[in-house]
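This briefing goes through the fold of one protein chain. Please have the sequence and the 3D view open while reading.

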Amino acid sequence: PRVRKAREMTLIAALFVLSCLLKTTTSPATSAYSGAWMPASSVLYELRHLGVRALIRYDAEATGRASADFGNVSDAQPPPAAVLYPSCPEDIASLLRASCTHTSPFPVSARGCGHSTRGQASAPRGVVVDMLSLGCHASGSATRLSVSVDGRYVDAGGEQLWVDVLRAALAHGLTPRTWTDYLHLTVGGTLSNAGISGQAFRHGPQISNVQELDVITGLGEIVTCSKEKHADLFDAVLGGLGQFGVITRARIPLIQAPARARWVRLFYTGAAPLTGDQERLIGVDLGTAVSGLMDYVEGSVVLADQGQVGSWRSSFFSEADAARIAALAEEAGGVLYCLEGALYYGGAALAGESDVDKRLEVLLRELRYARGFAFVQDVSYAGFLDRVRDGELKLRAAGLWDVPHPWLNLFLPRSRVLDFAAGVFHGILRRDGGTGPMGPVLVYPMNRDRWDGNTSAVFPEEEEVFYTVGILRSAVSEGDLGRLEEQNEEILRFCEEAGIPCVQYLPYYAGQAGWEKKHFGPAKWARFVERKRKYDPKAILSRGQRIFTSPLA
């Protein structure tokens, strides 16, 4: 306790310097955030006397790195004034308590891998918490990721990567039930959004597969919560966009892990047969010949003029097959659809190869893809789940990873997905000979009853099935970014004019009005504000999201 108190007092002393830094004024601010900061040399001089040189950094290298994110899209928000490198959750709690009790509370945001856009994980003129630092201290590393074989769960620090959670669980023949498509993200990061992929139709998003959380609220309180204990905080934080607390630990349930995956890609010449087959596959209770036969169901749009960025996963196909697919796309008017699925097998409690062969035979007979365009590979379960990493490394090698990513992710009701496909996939994205630089364009359905309406996540609730559409594009040449952003706005206008209700996933809005009216709607906004008032009334957390930029009245 004495050591913990000493650490806290040292941190508070450093934060006093930070508060002076934040209160120093210069010319009037042009944004919603006011104030400026002392030169880094002055701050570092003070911190040396406080003995916390390795705990908080104010230099341009640290704050610049904390300002950068995967989106790589310039933003008008001021950069953070400092970066905290915590060695334990108590460091974060002390930071939040110091801000909360100060007369001028400063923003604090948790940052994992920075896989966000438009500075959403930044803290304008405040402090960014480098969450990965929690896993770098030898004294705590052993307890930051631990598997209970008897309890069938894994306790993972909020800073842990999902790929490391997978490896730790597989060492015991176990696995979480549901994933994101990209595993090199932090546990706390995906649980603050939803965490979706092709398993979500059966098991729901990642936020529907959590038993317990350790959370540090905006008041600096460390709380263990679950559906049975502090349930409102538990629900608020899941899908809460970092607005109610910092996730420092998550308990994730585990099941018996398969050993292999039969990875299937089927090509379609139209949206209707693709979505019809997808809906039969995810209708696990429908009783059709193919219901529930796949363990993973996704889909994508394939444009004839996609370049390397758009086809970076094409190593799945031989050169001859890729040429045939391109020819089929041309015949289909420039747009193809691909159903991507997987059948898991092997492992202690799962069926063997003969069973998966029979399931695959039924699928290839019953599904309505273009005959001759079925492609199958057999891979390890871990290799299938981490397949996007290979694509990332290819793009990095080609200098195409660290570029602007003006992504647009939407949830659409099932009844309007074909209208959306006609207007967007065959219209807006094909105008003027195509879109040029591209990335994956995903489209696949999920079952609404696998989502928990008590969480903070927003999703369509009008129909039993809704679709996710991910237009995940990269701007690789001069002028691409502005054009792609304008096209995103055109897609949103099209939905509004066509009366297609949609909600953004991984959303971005320029101000609170957009969040209230376009994202949450009246009822969900009222609940969101009530929870904010309860757990972070001074709006300290995640101001980079632009939901709340000042303390609540």
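The points below cover the chain as a whole, a bent helix, a sheet with its packed helices, and one helix pair.

The model is predicted. Its protein chain has 17 helices and 19 strands. Of the 553 residues in the chain, 57% count as buried.

**Whole chain**

- Contacts between residues at least 6 apart in sequence were considered, and 75% of them join residues at least 24 apart.

**Helix α17**

- Helix α17 covers residues 512-535, and its end C-alpha atoms are only 18 Å apart.
- A straight helix of 24 residues would span 34 Å, at 1.5 Å a residue.
- At F520, α17 bends by about 110 degrees.
- A proline, P522, follows that bend within four residues.
- The buried residues of α17 include the aromatic residues W515, F520, W525, F528 and Y535.
- The glycines G514 and G521 are also among the buried residues of α17, as are K524, R531 and K532.
- H519 and V529 complete the buried set of α17.
- The buried residues of α17 pack against the strands β8 (212-217) and β19 (503-504) and against α9 (231-237).

**The five-stranded sheet**

- β8, one of the elements packed against α17, belongs to an open sheet of five strands.
- The strand order is β5-β6-β10-β8-β9, with antiparallel pairing.
- β5 (145-148) and β9 (222-225) are the edge strands, and each pairs on one side only.
- From one strand to the next, the twist averages 15 degrees.
- β8 is joined by six bridges to β10 (residues 245-253), and the two strands run antiparallel.
- Within this arrangement, E212 stands opposite R251 in β10.

**Helices on the sheet**

- Helix α4 (residues 89-101) lies across β8, β9 and β10, and runs at about 35 degrees to β8.
- Helix α6 (residues 162-170) also packs on the sheet, where it touches β5, β6 (153-157) and β10.
- The direction of α6 makes about 35 degrees with that of β5.

**Helix pair α10 and α15**

- Two packed helices are described by the angle between their axes and the distance between the axes.
- For helix α10 (residues 271-282) and helix α15 (residues 417-425), the angle is about 145 degrees and the axes are 10 Å apart.
- The crossing of α10 past α15 is right-handed.
- A271, A272 and T275 of α10 make the contact with V417, L418 and A421 of α15.

Technical notes: Residues numbered from 1 in each chain as written. Predicted model: local features only at pLDDT ≥ 70, side-chain atom pairs only at ≥ 80, totals over all residues. Heavy atoms only, no water. Expected span 1.5 Å × (residues − 1). Bend = angle between axes of the 7 residues up to and from the residue. Buried < 20%, exposed > 50% of the residue type's maximum accessible area, 1.4 Å probe, protein only. Contact = heavy atoms within 4.5 Å. Pairing = 2+ DSSP bridges. Axes fitted to C-alpha atoms, helices over the stretch in contact; angles between N-to-C directions. Left-handed = near helix turned anticlockwise from the far one by under 90°.
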